[in-house]
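Student: I have a structure open and do not know how to read it. Can we go through some features together?

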Amino acid sequence: MSDLLNAHLTSPFVAQFIGELLPALETPSRSPQRSSPVPSVSVLHSLGSLLCAPNRSPPSSPLRSLGSMSSWRTLLLRVGDKCPEYGGAVDHKEHIETCYGVLWREFEHSKDEISECAEQLPHKIPFYGVLVGLINLEDEDFGKNIVDDLHCKLQEALSSENCDKIRILLRFLTVLMCSKVILPSSVIEVFETLLSSAATIIDEDAGNPSWQPCADFYITCILSCLPWGGTELIEQVPDEFDRVIVGIQSYLSIRKHSQDTSFIVFEADEDKSAKEKDFVEDLWDHIQILSTNGWKVDSVPRPHLSFEEQLVSGKSYNLSPISCPKQSASSSRSTISRERENYEAKLKYPQRLCRLHIFPSNKIEKMQPIDRFIVEEYLLDVLLFFNGCRKECASYMASLPVPFRYEYLMAETIFSQIMFLPQPPFKPIYYALVIIDLCKALPGAFPAVVAGAVRSLFNRIGDLDMECRTRLILWFSHHLSNFQYFWPWEEWAHVKDLPRWAPQRVFVQEVLEREVRLSYWDKIKQSIENAPELEELLPPKSVSNFRYNSEEDHGYTLSKEFREMVRGRKTAREITSWVEETIIQIHSSKFAIEVVIQTLLDIGSKSFTHLITVLERYGQVIAKLCTDQNMQVLLIDEVSSYWKNNTQMTAIAIDRMMGYRIISNLAIVSWVFSLSNIEQFHVSDRPWEILRNAINKTYNRIADLRKEIQTLKKSVLLAEDVAVKALKEFEAAETRLEVVDGQPVQAEKPGRLKRLKGYAEKAKDDEIAVREALEAKDALLARALEENKSLFVSLYKSFANVLTERLPPVSADGAFPKLRDEEDIDSMAIDLEEPSTMEMDHDNGRKDDRNSEKVTHRYSIKEQDQWCLCTLGYVKAFSRQYATEIWPHLETLEAVFGRDIHPLFRKAVFAGLCRSTTEM
Amino acid sequence: MASLFKVAGFGDPAKLSVYRDKRFRGNQEEYERALQASTTVYIGNMSFYTTEEQVYELFSRAGEIKKIIMGLDKNTKTPCGFCFVLYYSREDTEDAVKYISGTMLDDRPIRVDFDWGFEEGRQWGRGRSGGQVRDEYRTDYDPDILLVELDVISLTRICFLIIFKVLFFGQFWIWIIDCMLSSVKII
């Protein structure tokens, strides 16, 4: 893949050229400690315009206009980076000295900037800590201000439950302690506050164990500070530190092991998760190993050590005490409401990372487990704070301040975000972009790693969560579209011989489908030229399937007549009556649908816009024809038949029709669960895409209404305020009297009074209007929520019906039927001995680089079982994605399920909703 | 992200394009406000052959699409390399600009910008020839594609890059020859 990075190769060349030039240009000005770096910036700028060839817009002019003002900012931002601003120097001490050299004169202005840098470039916190420490030597107030500021922010973050901020501020706190700005006892105090709050939360009587995710988060925060300041704490306050450690230990002994099968990416790992350590336990282990290693971490720079002699004379401050918000005690004792609370806590305090072990352990970089954790933190922070800054994001991702390579780890981390359940922090397309940019930034190393990850995931695709499979397909097709669709397809040619329902085969087929949508059929056919066998898996060449092509076709003349009427711009009303008279009365409604839909779709077949235009003009004709759900299902059938060779257009047409309210979401559900579609469940994404769209559209309507209501509520308050003020002003003017000739007379001129009255009335009217708008929206929301509820009832009913018919019966001893192969479990058991290897797969043999000969491709899951696995997978995926919407209706849904529901179906629903399955 | 980065002039996500539509009636401030609230994006540097469905497939990954308006050559009424996509939500619009600009669609690096909102008439190319203005000046317009400055590239890596380049151009020529051969066959 790397050799395809053609066009972008030129830019690194230029960068390299500048990289070499700069030190030479800069050396004279760099040697004195407090020299101004202005020349370097202007040099950079003039070279920057060189870089940005003539066809680019003038870059970053603020840099120039701000002149020397920006120079200390630039240095502050760039401290610790290998960059031209520091003349490519890599010595951290030198960086800090240079930066401090310009900063100390500006420190009055730089307080906020330093804090901001620390909060948004958390992987460089140690540098900012030292800078604060150094300025603190010059000006004691500076340190005090920073500490007070930190206190305010931390308290704010704790109260508003802003996890990222809490985590980062705590790290900054620890680092400031290392730079002698904060007293170690203060750090201990903060830790103890968090610890005691965590202990209270999981206490049955005093707290509310449903909120354990919050308690776990606090403990994770404490533990993840230790790599930054463990050494210092143990040196300076050994007894207190021990107390904290003992506290954490006892917390861990009380807390419940968290086992979320809902958010597990590989389904085969479900049973494993109960035995494996969870995130907090895992981190605790790493920290313990770290403490026995004398707190040595390669991935944390410790620049304060070089400045220890100076820093030690600085004045350290106390951090005022902080308090954690009290989680409300559980009001109700019912299981459902407790579980719902626990679910909400999980969303509020999510586990930051679900590690995805993609690569075998011999491939992934060797590093201490704690280093792995820290690099993951760094990467996630860069992804978080540089969302939208492509250039910065890629270059920071690629050049973390760690002394070892981490490409494999980086790939695993990014993929773990793409597949993060229930929702990744950003849209998956963001991560696609990051991967594209990294492939370009590290052309020698990263593309191969990405390709390796794809191969590994492909090998385990049968175990992958259904939602993750969809995300993987979307990502992979998009990724390839950015690299000229180059992929060694011959490696996967064998899937052609697998049964139609084999997950690997379906994966390849769906990737090709998406590629064709992003490109065009012939191009993709050409791209798989190395594996001509795979042509069979290409979607049909997209042509519409018009029913009336020759005069013999029943309906040909009617269709032609209809088309003429459309061409003659007849109105929807005229056409409706024509349909009524010439088709329905003579033939049948069903036939009318056939003629109308086939013809309209054919007229609108040229493009998305043509379709919309037709629907906008003649949607009413269809709506009049299809008033009930059964007719709407027939309508969808007709759409699907017209576009049977083009899944995208089918999906778009159905989606638009739902948008124009020609068809209801219930009709779509009912159509998706019709027999011909059910048979497609395990071999194609087609029915699922349409179902996903329908639910998503319903959800989006609700989300939009909620947003609108939020804004309207604000405007109501505003309007109320205005109305009250206007009225008061009017009344004040009205009552103001004047004594004229001994008689009280109104003091205001009648004209002004009239005007004020007018204002007051208008303000009142406005207020009423906004209120009415709000009421209307509220009513709409209520209706939408009701629609949503019936949608989910219908969805689960349909799932229950099809699954109950097809799931294997529960055996007499009550054991769940096994859908996956027994052999499969065996091979897993073997692989368990070798943790984090990838080859626990049943579809495919090992694909080792050493062993390139083809291994026999085992795939032995029967069609019916694969159908069940797939459908159950979607039950779980839908439940998980819309859990917040489903929870309020849980009692209604329980009634839908009934008692004699199949345990596997129940398990899938429960897993999706994060409910504990123990009571089953 | 870091407002500091804006000050220092390093990539700013909220950065509005320098391009200003001359058709916009209003002052600069109003123009910027229109851009900041807009749910329309302008897409440029597309291939003339790119279809609405291709645009739909890529841009729907940033959010639900309301409408697509293809830019047409005002004489021939055929696509001429730009289009507008209208979203329902502002958030999705921002994501489209952030995540799709500079990536490939139909093998061309496309450019995605906020647009102040489509109105009738804007779908026609404004170049003298009827096409997009840009086409008349620059056939191969290169948008702000990522420009990662690699900090330290070792000599060996440069060698690698050169080899890759040679490889690519090698393949490129092979491909051209291939195409020519196949077209000969067709004839």
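Tutor: We will take strands, then cavities, then cysteines. Keep in mind that this is a predicted model.

Student: Let me begin with a record. Which residues of chain B does UniProt list for "domain: RRM"?

Tutor: The UniProt record, an unreviewed entry, gives residues 39-117 of chain B. Over that stretch the chain is 24% helix and 39% strand. The C-alpha atoms at its ends are 7 Å apart.

Student: Take strand β2 of chain B. Is β2(B) mostly covered or mostly open?

Tutor: Mostly covered. β2(B) spans residues 65-72, and six of its eight residues are buried.

Student: In which sense do β2(B) and β3(B) pair?

Tutor: Antiparallel, over six bridges. Strand β3(B) covers residues 79-87. For one facing pair, find B:Ile68 in β2(B) and look across to B:Val85 in β3(B).

Student: What do the two strands, β2(B) and β3(B), form?

Tutor: A hairpin, with six residues between the strands. Look in the turn for B:Lys77, which has a positive phi of about 60°.

Student: Now for empty space. How is it found?

Tutor: A probe the size of a water molecule is rolled over the atoms, and that shows where empty space is left.

Student: How many cavities of 30 Å³ or more are there?

Tutor: The count is 13. The largest cavity holds about 180 Å³ of space.

Student: Which residues lie nearest the centre of the largest cavity?

Tutor: A:Met466, A:Arg469, A:Val506, A:Cys870 and A:Tyr874. They belong to a lining of 19 residues. Three helices of chain A each give two or more residues to this lining: α22 (466-481), α23 (503-518) and α36 (863-881).

Student: How does the lining of the largest cavity divide by class?

Tutor: Twelve residues are nonpolar, four are polar and three are charged.

Student: Last, cysteines. What is a disulfide?

Tutor: A disulfide is a covalent bond between the sulfur atoms of two cysteines.

Student: How many disulfides are there over all chains?

Tutor: Zero.

Student: Why is A:Cys225 not bonded to A:Cys221?

Tutor: Because the two sulfurs are 6.8 Å apart, too far for a bond. The cut-off is 2.5 Å. A:Cys221 holds the closest cysteine sulfur to that of A:Cys225. A:Cys225 has 2% relative accessibility, so A:Cys225 counts as buried.

Student: And in chain B, how far away is the nearest cysteine sulfur to B:Cys83?

Tutor: It is 10 Å away, in B:Cys80, and B:Cys83 is in no disulfide. B:Cys83 also counts as buried, because its relative accessibility is 0%.

Note on methods
Residues are numbered from 1 along each chain as its sequence is written. Chains are lettered from A and ligands numbered from 1 in the order in which they are written. This is a predicted model: local features need pLDDT of at least 70, side-chain atom pairs count only at pLDDT 80 or more; totals for chains, interfaces and linings use all residues. Side-chain values use heavy atoms; hydrogens and water are left out. Buried means under 20% relative accessible area, exposed over 50%, partly exposed in between (1.4 Å probe, protein chains only). Helices (H or I, at least four residues) and strands (E, at least two) are DSSP runs, numbered from the N terminus. Two strands pair if DSSP finds at least two bridges between them. On a 1 Å grid over the protein atoms alone, a cavity is a set of points where a 1.4 Å probe fits but cannot get out, and a pocket is an open set with protein on both sides within 12 Å along at least five of seven lines; lining residues have an atom within 4 Å of a point. Grid points are joined across faces, edges and corners, and a volume is the space filled by probe spheres set on the points. Ala, Val, Leu, Ile, Met, Phe, Trp, Tyr, Cys and Pro count as nonpolar, Asp, Glu, Lys and Arg as charged, and the others, Gly among them, as polar. UniProt positions are given in the numbering used here, feature names are shortened, and annotations may be inferred rather than shown by experiment.
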